[in-house]
Amino acid sequence: MSSTNSNARPGGGPRVKTPARPAQRPGTGQSASGNRQPLVKPAPKAKARKARLLVSKIDPWSVLKMSFLLSVALGVVTVVAAIVLWTVLDLTGIFDRVNDLLGEIAGSESGGFDLRELASLGQVVSFATIIAVVNVLLLTALSMLSAVLYNIASTLVGGIGVTLTDD
């Protein structure tokens with residue numbers, strides 16, 4: 001027996017043959033021509049869907065509710081804006097400057113003019129509230145009338161065409 005083993009490893013154990021690597025990895029999909037094909041085909045891109053719709057009728061009751069809600073919100077904004085504007089004018093001293101200017105124009109015999117008495121905060125808020133209430137009534141009535149007129153016109157013409165797309 002010879003002392004050298006052809007299958008011996010330097011570590012002393014028997015040499016184990018590793019399996020030969022395949023010519024092609026699984027999943028790469030290489031063909032003989034060398035073109036790479038993916039393992040799983042990607043899903044085809046969906047075309048954007050389009051829907052052509054026709055607005056043929058608007059419900060007047062829903063228009064009434066929505067316009068009332070939005071006009072009340074606008075009325076609240078009007079009253080708050082009037083309060084903020086009056087407060088800013090008062091804090092910056094505009095009322096005093098206007099009083100001084102009107103006193104110089106009218107002369108000292110007029111006894112002085114006070115703009116705060118004419119346009120006090122309470123009076124400004126009351127006027128803004130009246131304007132807001134009138135605005136609510138008018139905007140609600142006009143939007144409801146517009147919905148009814150649209151419904152009448154859409155029966156004659158067919159309505160408004162809308163195209164919706166799915167991107």
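## A walk through the chain

Select Asn-151 to begin: this residue lies in helix α4. You are looking at a predicted model, so read every value here as computed from it. Asn-151 has a relative accessible area of 14%, and because anything under 20% counts as buried, this residue is buried. Now show what surrounds Asn-151. Leaving aside neighbours within four places in sequence, Asn-151 is in contact with Ser-56, Lys-57, Ile-58 and Pro-60.

**Step back to the whole chain**

Zoom out and colour by secondary structure. You should find four helices and two strands. Starting at the N terminus, the elements follow the order β-α-α-α-α-β. The chain has 167 residues, of which 13% count as buried. Take the contacts between residues at least 6 apart in sequence: 72% of them join residues at least 24 apart.

**Next, strand β2**

Select residues 160–166, which form strand β2, and pick out Ile-160 there. Is Ile-160 buried, exposed or partly exposed? Its relative accessible area is 48%, so Ile-160 is partly exposed. Now add Ser-56, one of the contacts of Asn-151 from the opening stop. Ser-56 and Ile-160 are 104 residues apart in sequence, yet their C-alpha atoms are 6.8 Å apart in space. Not counting residues up to four places away in sequence, Ile-160 touches Leu-53, Leu-54, Val-55 and Tyr-150.

**Two helices side by side**

Show helix α1 (residues 60–91) together with helix α4 (residues 121–157). Two packed helices are described by the angle between their axes and the distance between the axes. For α1 and α4, the axes come within 8 Å and cross at roughly 160 degrees. An angle over 145 degrees counts as roughly antiparallel, and α1 and α4 are therefore roughly antiparallel to each other. Their crossing is right-handed. Colour the residues of this contact by type, and you will find 20 nonpolar, nine polar and no charged.

**The aromatic pair**

How many aromatic pairs does a search of the whole structure find? The search turns up one. Select Trp-86 and Phe-95 and look at their rings: the centres are 5.4 Å apart and the planes stand at 45 degrees, so the pair is tilted. Trp-86 and Phe-95 are both buried.

**Along to Ala-119**

Keep Trp-86 on screen and select Ala-119, which sits in the loop between α3 (115–118) and α4. With a relative accessible area of 23%, Ala-119 is partly exposed. Setting aside neighbours within four places in sequence, Ala-119 is in contact with Trp-86 and Val-124. For the other member of the aromatic pair, draw a distance from Ala-119 to Phe-95. Their C-alpha atoms are separated by 9.6 Å, and the two residues are 24 residues apart along the chain.

**Last stop, helix α2**

Select residues 94–106, helix α2, and find Asn-99 within it. Asn-99 counts as buried, because its relative accessibility is 11%. Which residues does Asn-99 touch, not counting those up to four places away in sequence? They are Phe-113, Asp-114 and Leu-115.

Conventions. Residues are numbered from 1 along each chain as its sequence is written. This is a predicted model: local features need pLDDT of at least 70, side-chain atom pairs count only at pLDDT 80 or more; totals for chains, interfaces and linings use all residues. Side-chain values use heavy atoms; hydrogens and water are left out. Rings of Phe, Tyr and Trp (its six-membered ring) pair if their centres lie within 6.5 Å; planes under 30 degrees apart count as stacked, over 60 as edge-to-face and the rest as tilted. Buried means under 20% relative accessible area, exposed over 50%, partly exposed in between (1.4 Å probe, protein chains only). Axes are lines fitted to C-alpha atoms, for helices over the stretch in contact, and angles run from 0 to 180 degrees between N-to-C directions. Angles under 35 degrees count as roughly parallel, over 145 as roughly antiparallel, 65 to 115 as roughly perpendicular and the rest as oblique. A crossing is left-handed if the near helix is turned anticlockwise from the far one by less than a right angle, and right-handed if clockwise. Ala, Val, Leu, Ile, Met, Phe, Trp, Tyr, Cys and Pro count as nonpolar, Asp, Glu, Lys and Arg as charged, and the others, Gly among them, as polar. Contact means heavy atoms within 4.5 Å.
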